[in-house]
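Trainee: I've got the model open and I'd like to work through it with you. Can we start with the pocket lining and go from there?

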Amino acid sequence: MHPNYLSKKNMLIAAALLGLAACSKPAPQEGAAPPAAVTVLKLQTAAVVLSDELPGRVAAFRTADIRPQVGGIVLRRQFEQGADVKAGQKLFQLNPAPFQAEVDSAAAALQHAVATANRASSQADRLKPLVEADAISRQAYDDAVAQREQAAATVAQARASLARRRLDLAFASIEAPIAGRIGSELVTEGALVGLADAAPMARIQQIDKVYVDVRQPASALAALQASGPAGVDKLPVTILGADGRPHPVTGRILFSGISVDAGTGDATIRVLVDNPQRQLLPGMFVRARIARAVQPHGVLVPQQAVLRGSGGQAQAWVLDGANKASLTPIAVGDVVEHQYVVSGGLKAGDTVVIEGQERLQPGATAAPQPWKRAAAAAVAAAPPASAAR
């Protein structure tokens, strides 16, 4: 047999043996599943303000009805309706002619009284040396002195009458008693106005700061009263518009009603709010977020981190130091800016899973990433697709 034939045969046998050896090796094991990717938040303590949202109505800080102090015919209106006016600004002008005539008459009466008083005084001065020399009777001198005193009283009366007539003339020009926003005119030019009129000529409302009267259940006043007067002043009050957005002003509680409506069981709380932009108008209905308590070391957890188990039990996934997940029952209370106030089950320093809970199993290892609060807030604030179209 040829040697080359034998070597080829040996090579084929060796290759077959290698193939059988490879088939006899066990199959490699599949790789373990990677840790679940989740976003987490490490809880911290912070001052938490617990509040209630209650309906309220806006009232002007001050209101002044414009009424005449003298009767007369309205000549002209001197303001723009709906504009802001200053204290002392002229609003209406009544016909001043009758009042000017009375001033002139009173001035003439004063002049006559002064002349009479001067003559009586001169007469008394001339008789004084005569009575001292017994040239005239004492009775004649006493009569002259009495006439002088009566003339002086008449001068004082005439001077007071003139002052009153001048005051009436000034009242013919009706001025604003306070600064604020004036409404529409309630009398027209040419109308006759008087002191007995029931309706005002116009109305001014000071609205650079306003009151918000809020009705609250009397049972909820206990928390405010427990804070004491100083504590109530420090509790902030946020005014919310019709769209739910807060106004850029913060109010403060002036007082809480001490009387309770027997029909509704509500008490009234008055809130003073600065209103520099005049966004809050008298008569508007708003909502007031009134703080009822402050927790200086409260713990907040985002709402999306809280799950509900059987029976409505609140739960949250928590990671330990080795990033192993466990489902922990917790107790939550009020909601503050889309976050639950934690009252039990969690503490500061715990690492809570915010997103990716569906990928976890008890005891499983997770791959945590920091939760970005700003991005989550932007997603929550974005309008739905149907509203964006």
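Mentor: Sure, and keep in mind that this is a predicted model. The lining of the second largest pocket breaks down into 9 nonpolar, 2 polar and 5 charged residues.

Trainee: Which strand gives the largest share of the lining of the second largest pocket?

Mentor: The lining has 16 residues, with Val49, Ser51, Arg289, Val336 and Glu337 nearest the centre of the pocket. Strand 2, strand 13 (285-302) and strand 17 (331-335) each put in at least two residues. With 7 residues, the largest share comes from strand 2.

Trainee: And how much space lies in the second largest pocket?

Mentor: Its lining is the 16-residue set we just went through. The space in there comes to about 340 Å³.

Trainee: Let's go to the cores. Which strand gives the most to the largest nonpolar core?

Mentor: That core has 21 residues, and Ile66, Leu91, Phe92, Met201 and Ile204 make the most contacts inside it. At least two residues each come from strand 2 (45-66), strand 5 (90-94) and strand 9 (202-217). The one that gives the most, with 3 residues, is strand 5.

Trainee: How many residues are in the other core?

Mentor: That one lies apart from the largest core, and its members include Leu54, Ala60, Val249 and Ala288. The count for this other core is 18 residues.

Trainee: What does Met201 touch, leaving out residues up to four places away in sequence?

Mentor: Met201 is among the residues with the most contacts inside the largest core. Its partners are a mix, with Arg67, Ser184 and Glu185 among them. The full set is Ile66, Arg67, Pro68, Val74, Phe92, Ile174, Ser184, Glu185, Leu186, Val187 and Val193.

Trainee: Is Val85 buried or exposed?

Mentor: Val85 sits in strand 4 (residues 84-85). Beyond four places in sequence, it is in contact with Leu91, Ala176, Ile178, Ala179, Gly180, Ile182 and Ile204. The cut-off for buried is under 20% relative accessible area. Val85 has 5%, so Val85 is buried.

Trainee: What distance separates the C-alpha atoms of Val85 and Glu175?

Mentor: Along the chain these two are 90 residues apart. In space, their C-alpha atoms are separated by 10.0 Å.

Trainee: How does Ser173 count, buried or exposed?

Mentor: Ser173 lies in strand 6, and beyond four places in sequence it touches Lys90, Phe92 and Gln93. Its relative accessibility is 12%, so Ser173 counts as buried.

Trainee: What about Leu281, which class does its 35% relative accessibility put it in?

Mentor: Leu281 is in the loop between strand 12 (266-274) and strand 13. Leaving out residues up to four places away, Leu281 touches Val58, Arg181 and Ile207. Buried would need under 20% and exposed over 50%. At 35%, then, Leu281 is partly exposed.

Trainee: Last one: how far apart are the end C-alpha atoms of helix 3?

Mentor: Helix 3 runs over residues 138-171, which is 34 residues, and at 1.5 Å a residue it should span 50 Å. Its buried residues include Tyr141, Ala144, Val145, Ala151 and Val155, and helix 2 (97-132) and strand 6 (173-175) are part of what covers the buried set. The model agrees with the expected span, as the end C-alpha atoms are apart by 50 Å.

Notes. Residues numbered from 1 in each chain as written. Predicted model: local features only at pLDDT ≥ 70, side-chain atom pairs only at ≥ 80, totals over all residues. Heavy atoms only, no water. Core = buried A, V, L, I, M, F, W, Y, C linked by side-chain atoms within 4.5 Å. Buried < 20%, exposed > 50% of the residue type's maximum accessible area, 1.4 Å probe, protein only. Helix = DSSP H or I, 4+ residues; strand = E, 2+ residues; numbered from the N terminus. Contact = heavy atoms within 4.5 Å. Expected span 1.5 Å × (residues − 1). 1 Å grid on protein atoms, 1.4 Å probe; cavity = no way out; pocket = protein on both sides within 12 Å on 5 of 7 lines; lining within 4 Å. Points joined across faces, edges and corners; volume = space filled by probe spheres on them. Nonpolar A, V, L, I, M, F, W, Y, C, P; charged D, E, K, R; others polar.
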